[in-house]
Structure formats: structure tokens, C-alpha cells
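Thanks for sending this one over. Here are my notes, written to be read with the structure open beside you.

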Amino acid sequence: MSIQWYPGHMRKATREMTKILSSVDVILEVLDARAPISTSNPVIKEITQGKPIITLLNKSDLSDPIYNEKWIDYFKQDKQKQTLLINAMTNESYKKIIDLISALARKKIGKNTLAMVLGIPNVGKSSIINMLAGRKITKTGNCLLYTSDAADEGLGVDLGGRRII
């Protein structure tokens, strides 16, 4: 008997992401800094088509600082990714994230830079979107599909030439 670990809602989300990925400039992959490997989805690297990825180790204030640095060193081995330690509940990471998006995105004259926020449930995607928007635009909570429901309604945040979906 095989065990199915990839729930249907994650498979559906993967199909939806793949449809719009060609127009995305930068991927923001959100992981929980307390358990980065356990909260990563290996499918993300497969479907991102060589796009630049910013790995956001969220909730870093709740994890051990010694291990935080070890995780940064670990993720530096992947040349497709840039990694930041963040706490989405504060605005301290805002400038670092925006500057990295600007540095990694290809320049398109007269067009927004499009960034996609990805991650498994409960890693803080909604909190990061709210922090980047500067206001509460997505629900946050310990419940599946909060962020994806908002995305289904056409949610997008324009951040002065950058768009987060």
C-alpha cells in the first residue's frame, strides 16, 4: 500500500501556479525557519522553470539563531536561490525583500515586476503579503486555503512597479 502525501489541494494549487508561471518574474518561497526542510515543497523547484527564487525563512525570531545561520549556509549552495531570514509580523524585512526582488527581476520597461508567493500551509504566506502591502489584505489564520481563496478572487498587490500574487 502506498501512502499519498501530496494532498489534493496542493496538487490543484500546483496546476494553477503552472498556468501563470510564465508571466512571473520572481518566486518568493516561504519556509518556516524552525523546520525549513519539512516545510519545503520539492515540487516548487521543478515547476519554477529556472526563475529566480527568494527563499524566505519566516518566523526566524522563533528559531535558534545558531541554526538560522546554518540554514542560510545550507541554502546558499543552491545558486538559483537567495535566502533571507525574516519575521513577517514586523516590517523590518520589507526593504530587504523589495531590494532583492528588484535585483533579481529582469527589467521590463513600463511593466510591473510580478512576484509569486509560494509555500505549504501555515508558513506565513498571508502575513508576508500583508507586510509587503503595508496593510491587511489577506486573512491570516491556522486554517487551510485562506491565502488561496484570496488569490482565487483575483487578489494582487501593486507595490509601486512590483506586483505580488
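The points below go from the strands to the cores, then to a few single residues and the aromatic rings.

1. A word before we start: this is a predicted model. Please read each point below with that in mind.

2. Strand 2 is a good place to begin. This strand covers residues 53-58, and 6 of its 6 residues are buried. Turn the strand over and the picture holds on both faces: Ile 53, Thr 55 and Leu 57 are buried on one side, and Ile 54, Leu 56 and Asn 58 are buried on the other.

3. What does strand 2 pair with? Strand 1 (residues 26-32) is one partner, running parallel to strand 2 over 6 bridges. Within that pairing, Val 30 has Leu 56 as its bridge partner. Between these two strands the chain passes through helix 2 (residues 42-47), giving a right-handed β-α-β crossover.

4. Strand 2 also pairs with strand 3 (residues 81-85), again in parallel, through 5 bridges. Here Leu 57 of strand 2 sits opposite Leu 85 of strand 3. Helix 3 (residues 65-76) completes a β-α-β unit with strands 2 and 3, and this unit is right-handed.

5. Now for the packing. In soluble globular proteins, nonpolar side chains tend to be buried together. In this model the largest nonpolar core has 22 residues, and the members that touch the most others are Leu 28, Ile 54, Leu 56, Ile 97 and Ile 101. At least two residues of this core come from each of strand 1, strand 2, helix 4 (94-104), strand 4 (113-118) and helix 5. There is also a second, separate core of 11 residues, with Val 24, Ile 44, Met 116 and Leu 118 among them.

6. Ile 97 deserves a click of its own. Apart from neighbours within four places in sequence, its contacts are Leu 28, Leu 56, Leu 84, Ile 86, Met 131 and Leu 132.

7. Which residues does Gln 49 touch, leaving aside neighbours within four places in sequence? Gln 49 is in the loop between helix 2 and strand 2, and the residues in contact with it are Leu 21 and Ser 22. Gln 49 and Ser 22 are 27 residues apart along the sequence, while their C-alpha atoms are 8.3 Å apart.

8. Is Asn 130 buried or exposed? Asn 130 belongs to helix 5 (residues 125-133). Its relative accessible area is 11%, so Asn 130 counts as buried. Its side chain also comes to 2.9 Å from the backbone nitrogen of Thr 138.

9. Finally, the rings. The structure has 3 aromatic pairs. In one of them, Trp 71 and Tyr 74 are edge-to-face because their planes meet at 90 degrees, with ring centres 5.5 Å apart. Both residues are in helix 3, 3 residues apart, which is about one turn of the helix. Tyr 74 also pairs edge-to-face with Phe 75, at 5.2 Å centre to centre and 80 degrees between the planes. Trp 71, Tyr 74 and Phe 75 make up one aromatic cluster.

10. How are the residues of that cluster placed with respect to the surface? Trp 71 is partly exposed, at 24% relative accessible area. Tyr 74 is partly exposed too, at 41%. Phe 75 has a relative accessibility of 7%, so this residue counts as buried.

Note on methods. Residues numbered from 1 in each chain as written. Predicted model: local features only at pLDDT ≥ 70, side-chain atom pairs only at ≥ 80, totals over all residues. Heavy atoms only, no water. Buried < 20%, exposed > 50% of the residue type's maximum accessible area, 1.4 Å probe, protein only. Helix = DSSP H or I, 4+ residues; strand = E, 2+ residues; numbered from the N terminus. Pairing = 2+ DSSP bridges. Right-handed = clockwise from strand over helix to strand, strands pointing away. Contact = heavy atoms within 4.5 Å. Polar contact = N/O pair within 3.5 Å; in protein donor to acceptor, adjacent residues only side chain to side chain. Core = buried A, V, L, I, M, F, W, Y, C linked by side-chain atoms within 4.5 Å. Phe/Tyr/Trp six-rings, centres within 6.5 Å; stacked < 30°, edge-to-face > 60°.
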